[in-house]
Amino acid sequence: MAVPAAGAVRAARAATRARRAPADWYDRYFRVFGAAVLVLLLLGPFHGVLTRLAEPVAAADPAAARAGLALLVAYFAGLVALASLAGPIALSPADARWLLLSPLDRRAVLAPAARRAAALGVVAGAPTAAVAVRLLGLPEHGPLRLAATVLIGAAAGLTAICLATLAQPSAPAARRLRRVALAVTAVAVLTAAAPLLPTPTALAAAGTLSTSISPTPPAPATEIAPRAATSRVAEAAAVVTDAVPRGGSLPEMPLPGLLLAAGLAVAVAAVLALLVWRRLAGFPAGPVVEAAGRVGVATETAVGLEPSFLTRAVEQAYWRGRRLRSRRWPSWPGPLVLAWLDWRTLARRPLRPLALAVASALPAVLVTVWPAQAPVAVAASFLLALAAASAGTGGVRHDADSPALARLFGVRQPAADASRLALPSVLAAAWYAVALALLARAGVLPGGPWALFGPAAAPVLAVAAARLARRGHVDHASTPVVMPMTGSHIPTGWFIWCLTGLDVAVLGCLPLLWALAAPPADPYPPLLVQVIVSGAVVAVHLLRRRTR
């Protein structure tokens, strides 16, 4: 029988805290000092925002505003999916073991976790007001418009957390909510990227049917200058402009309408929060215990500074409880069978390739929304291509975790490594080709065969992804490097762990990165050099694996 008084929960928590060592003066000093430093760090940006509100803020380009609003929808849908996956109502492992299953009032036990989840939702949603203001502008009444926009963002974040909380007690409902949220995210990203895909009529009219994949006639030597690249950027921008429907500027929302939208958003969030509060009285213990296990893994990852704990826990949680159909092994040579296992594993996770396909449009969409951040988008596309290649290295990671099991296959190491580089190479080639083609459509890159750089750099990215999968745990026992001038210590274990894999990707893709940083008039020489370097990197990698 549950104890009706919520004071019993406070008494139990007080008894637990009484067993701990009392806080000393320096504990309080560090808390106050940390809060003061945080306030001082945030005071400058906040004052700058208030200063800019004194004058109107111009709205962004209509195409950029539409793409940015679509990205905001994708952000909140992704927030719903992430909250549903993590479990919004999550206690510490100790509270889940001793307080949740005790005869204490369930709502009083879960209330602190619900308040923390609501605060995280508000914090995650409120900053989106800055993006909305940048896209829609502040023509007049800046403080009121900003306050209404902040309320809408905070209410949207709280609504996302409440939806995930209401679906948490039922595993099928949580899965359906995640699928709907991921579908909304994909549709929003594709909607934002739709203007970058011009129609065949616009392409034929502009005469640039192969802007991003066809060769460009070489210019005279006297004209090989930034003017050639500028002209190609203008042509690509013209194609994109012709593909976008011209509807003028976005209609300005009047201040009363914005205040009404803020009131409705707050009302919807309040109703959902009330439903969550009523649901806490009979909230089942099973989902909370599972969420507490995830909190324990995250705590171990943070305390032990070991990211592999979290990634392995996420992968094990995905496969746990799933029924997999058994098939006969194909009668192929041993190396091909090992590669087939990676392909089969990827096919059993269909959302992963779909997510990779949608993410290929993100760099070009970011350039559309923030044209001044084009170098950041190009660098992000390179890192995302490496992440796409890493999606096909599950077998390499398992072999690194249990090398004895890998030796039972009886396959020689060079042949196994060569066969397992196929899937990461295909993923990296397809993803990077689409991403570079869309960046060329967006006008970031001049006309030329930029899509061919994806297959050219794919072998290097596959080798780098294999190194990422084999790096294992962080070596915390390594000798730190002491800086003589400052006396600070650099942990070499973390430094080496972060650079493993990334070093091969950067050094092996130097021709590609050089071409992206300074687009040449004729991109074929860097493309040829990239092909040669990729072949050399793969050959050296297989030779080193053979000698081990």
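Okay, let me start with one definition, as I'll lean on it in a moment: a crossing of two helices is called left-handed if the near helix is turned anticlockwise from the far one by less than a right angle, and right-handed if it is turned clockwise. Keep that in mind, and remember that what's on the screen is a predicted model.

First, the overview. The protein chain has 26 helices and two strands. Of its 548 residues, 38% count as buried. And if you take the contacts with a separation of 6 or more, 83% of them are between residues 24 or more positions apart.

Now let's look at some helix pairs. In general, you describe two packed helices by the angle between their axes and the distance between those axes.

Pair one is α14, residues 334-347, with α20, residues 413-420. They pack at an angle of about 35 degrees, and their axes are 8 Å apart. Here's where that definition comes in: the crossing of α14 and α20 is right-handed. Who's touching whom? From α14 you have P335, L338, A339 and D342, and from α20 you have A415, A416, S419 and R420. By class, that contact comes to five nonpolar residues, one polar and two charged.

Let's zoom in on two of the α20 residues. S419 sits in helix α20, and is S419 buried or exposed? Buried, because its relative accessibility is 10% and the cut-off for buried is under 20%. Leaving out residues up to four places away in sequence, S419 touches P335 and A339. R420, also placed in helix α20, is buried too, with a relative accessible area of 8%. With the same neighbours left out, R420 touches L338, D342, G395, V396 and D399.

What about α14 itself? This helix has 14 residues and reaches 20 Å from its first C-alpha to its last, close to the 20 Å expected at 1.5 Å a residue. Its buried residues are V337, L338, A339, D342, R344 and L346. The cover over those buried residues includes α15 (351-359), α18 (394-401), α20 and α21 (422-441).

That last one, α21, brings us to the next pair. Helix α17, residues 374-390, packs with α21 at an angle of about 155 degrees, and the axes are 8 Å apart. So α17 is roughly antiparallel to α21, and their crossing is right-handed. On the α17 side, the contact is made by V378, S381, F382, L384, A385, A388 and A389, and on the α21 side by P424, L427, A428, W431, Y432 and L439. Sorted by class, that's 12 nonpolar residues, one polar and no charged.

Pair three is α3 with α6, and α6 covers residues 128-136. Their angle is about 160 degrees, with the axes 9 Å apart. That makes α3 roughly antiparallel to α6. This time, though, the crossing is left-handed. The residues in contact are A64, A65, G68, L69, L72, Y75 and F76 of α3, and T128, V131, A132, L135 and L136 of α6. They divide into 10 nonpolar, two polar and no charged.

We meet α3 again when we look at α12, residues 285-304. How far apart are the end C-alpha atoms of α12? They are 28 Å apart, which agrees with the 28 Å that its 20 residues should span at 1.5 Å a residue. The buried residues of α12 are A285, P287, V288, A291, A292, G296 and T301. They pack against α3 (62-86), α4 (93-98), α5 (106-125) and α13 (307-319). One detail to look for just after α12: L305 takes a positive phi of about 50 degrees.

To finish, two spots where distant parts of the sequence come together. A147 lies in helix α7, residues 142-167, and counts as partly exposed at 39% relative accessibility. A147 and A262 are 115 residues apart along the chain, yet their C-alpha atoms are separated by 9.0 Å. The other spot is Y524, in helix α26, residues 524-547. Y524 is partly exposed as well, with a relative accessible area of 31%. Its partner here is P449, 75 residues apart from Y524 in sequence and 7.7 Å apart in space, C-alpha to C-alpha.

That's the tour, thanks.

Technical notes:
Residues are numbered from 1 along each chain as its sequence is written. This is a predicted model: local features need pLDDT of at least 70, side-chain atom pairs count only at pLDDT 80 or more; totals for chains, interfaces and linings use all residues. Side-chain values use heavy atoms; hydrogens and water are left out. Axes are lines fitted to C-alpha atoms, for helices over the stretch in contact, and angles run from 0 to 180 degrees between N-to-C directions. Helices (H or I, at least four residues) and strands (E, at least two) are DSSP runs, numbered from the N terminus. Contact means heavy atoms within 4.5 Å. Ala, Val, Leu, Ile, Met, Phe, Trp, Tyr, Cys and Pro count as nonpolar, Asp, Glu, Lys and Arg as charged, and the others, Gly among them, as polar. The expected span of a helix is 1.5 Å times one less than its number of residues. Buried means under 20% relative accessible area, exposed over 50%, partly exposed in between (1.4 Å probe, protein chains only). Angles under 35 degrees count as roughly parallel, over 145 as roughly antiparallel, 65 to 115 as roughly perpendicular and the rest as oblique.
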